[in-house]
Every structure is written in C-alpha cells, then in structure tokens.
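Subject: The structure I promised you

Hi,

Here's the structure we talked about, ready for you to open and turn around. Have a look at it first, then read on for what turned up.

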Amino acid sequence: MSKRCPKCLHTNEDARIFCTYCGTALDAELRLIQELERQSSLRREEKPEKQNDLKFYVPRSPPPQKKSSAGGWIFFLLLAAAAAWFFLKG
C-alpha cells in the first residue's frame, strides 16, 4: 500500500513520513502537530511583551473636592449683622 500526499496527490512509499515531491507530512497526526506548532508560534509573535501583570487594576483618582463658595459666608455675615443691629437697636 502506498501513501498519497494530501497536498499534491503524489504517490509515496509506505516508509515515507514526508512527501518526496512537496515535503508535506503524510501522517495526519503529524500534520496536526505541525499546524498546532505553527499557530502557537504565531500567537507568540502577536503578543506584545508583558509590561504589567496587574492589568486588571486601574488606580482611581480621588473624588473632586467641593470648593467653598464665598456666597455662604457673605450670607452668614449679613444675617449676623442684621441680628446684631436688631438686638442692639431695640
């Protein structure tokens, strides 16, 4: 029984692992292993270098502080002055 190449359909001897014409693996399991190795090497090339392992942690900035408005102090001083004038006049 002879092995036929899945790529070029060339007939090879039974003892052959690779096609004598095109070099493709004749064994289906060997072709699967080669494909998996090719995919893993492509993934390694696509991945950028690890910069930080803690990518899920994003530091938060503190909430903005409320600015004190001068309007509240002016109202309080006017109210205190009116009360003082009312009590001191009467």
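Before anything else, one bit of vocabulary: a residue is called buried when its relative accessible area is under 20%, exposed when it is over 50%, and partly exposed in between. Keep in mind, too, that this is a predicted model.

With those words in hand, take Cys 22. Its relative accessible area is 35%, so Cys 22 is partly exposed. Cys 5, on the other hand, has just 1% and is therefore buried.

Now for the overall layout. The protein has two helices and two strands, and starting from the N terminus they come in the order β-β-α-α. Of its 90 residues, 7% are buried. The protein exposes about 9,100 Å², and 61% of that comes from carbon and sulfur atoms. If you take the contacts between residues at least 6 apart in sequence, 2% of them link residues at least 24 apart.

Back to those two cysteines. How many disulfides does the structure hold? Zero. As a reminder, a disulfide is a covalent bond between the sulfur atoms of two cysteines. So why don't Cys 5 and Cys 22 make a bond? The closest cysteine sulfur to that of Cys 5 is the one in Cys 22, and at 3.5 Å it is too far for a bond. To count as a disulfide, the two sulfur atoms would have to be within 2.5 Å. Seen from the other end, the sulfur of Cys 22 has Cys 5 as its closest cysteine partner, again at 3.5 Å.

Cys 5 also turns up in the surroundings of two other residues, so click on these next:

- Asn 12 sits in strand S2. With a relative accessible area of 3%, Asn 12 is buried. Its side chain reaches the backbone oxygen of His 10 at 3.1 Å. Leaving out residues up to four places away in sequence, Asn 12 touches Ser 2, Lys 3, Cys 5, Cys 19, Thr 20 and Leu 26.
- Thr 24 is in the loop that runs between strand S2 (11-12) and helix H1 (28-46). Thr 24 is buried too, at 16% relative accessible area. Apart from neighbours within four places in sequence, its contacts are Cys 5, Pro 6, Lys 7, Ile 17, Phe 18, Cys 19 and Arg 31.

Next, the charged side chains. Searching the whole structure gives one salt bridge. Which side chains meet in it? They are those of Glu 35 and Arg 38, at 2.4 Å from N to O. Both residues belong to helix H1, and they are three residues apart, which is about one turn of the helix. Neither end is buried: Glu 35 is partly exposed at 33% relative accessible area, and Arg 38 is partly exposed at 45%.

Last stop, the other helix. Trp 73 is in helix H2, which covers residues 70-89. Is Trp 73 buried or exposed? Its relative accessibility is 58%, so Trp 73 counts as exposed. Trp 73 also joins Phe 76 and Leu 77 in a nonpolar patch on the surface, and together the three have about 400 Å² of accessible area.

That's the tour. Try finding each of these spots yourself, and shout if you get lost.

Cheers

Note on methods: Residues numbered from 1 in each chain as written. Predicted model: local features only at pLDDT ≥ 70, side-chain atom pairs only at ≥ 80, totals over all residues. Heavy atoms only, no water. Patch = residues over 30% accessible without salt bridge, like charges linked within 9 Å, V, L, I, M, F, W, Y side chains within 5 Å. Areas by Shrake-Rupley, 256 points an atom, 1.4 Å probe, with all protein chains shown as cover. Salt bridge = Lys/Arg side-chain N within 4 Å of Asp/Glu carboxyl O. Helix = DSSP H or I, 4+ residues; strand = E, 2+ residues; numbered from the N terminus. Buried < 20%, exposed > 50% of the residue type's maximum accessible area, 1.4 Å probe, protein only. Contact = heavy atoms within 4.5 Å. Polar contact = N/O pair within 3.5 Å; in protein donor to acceptor, adjacent residues only side chain to side chain.
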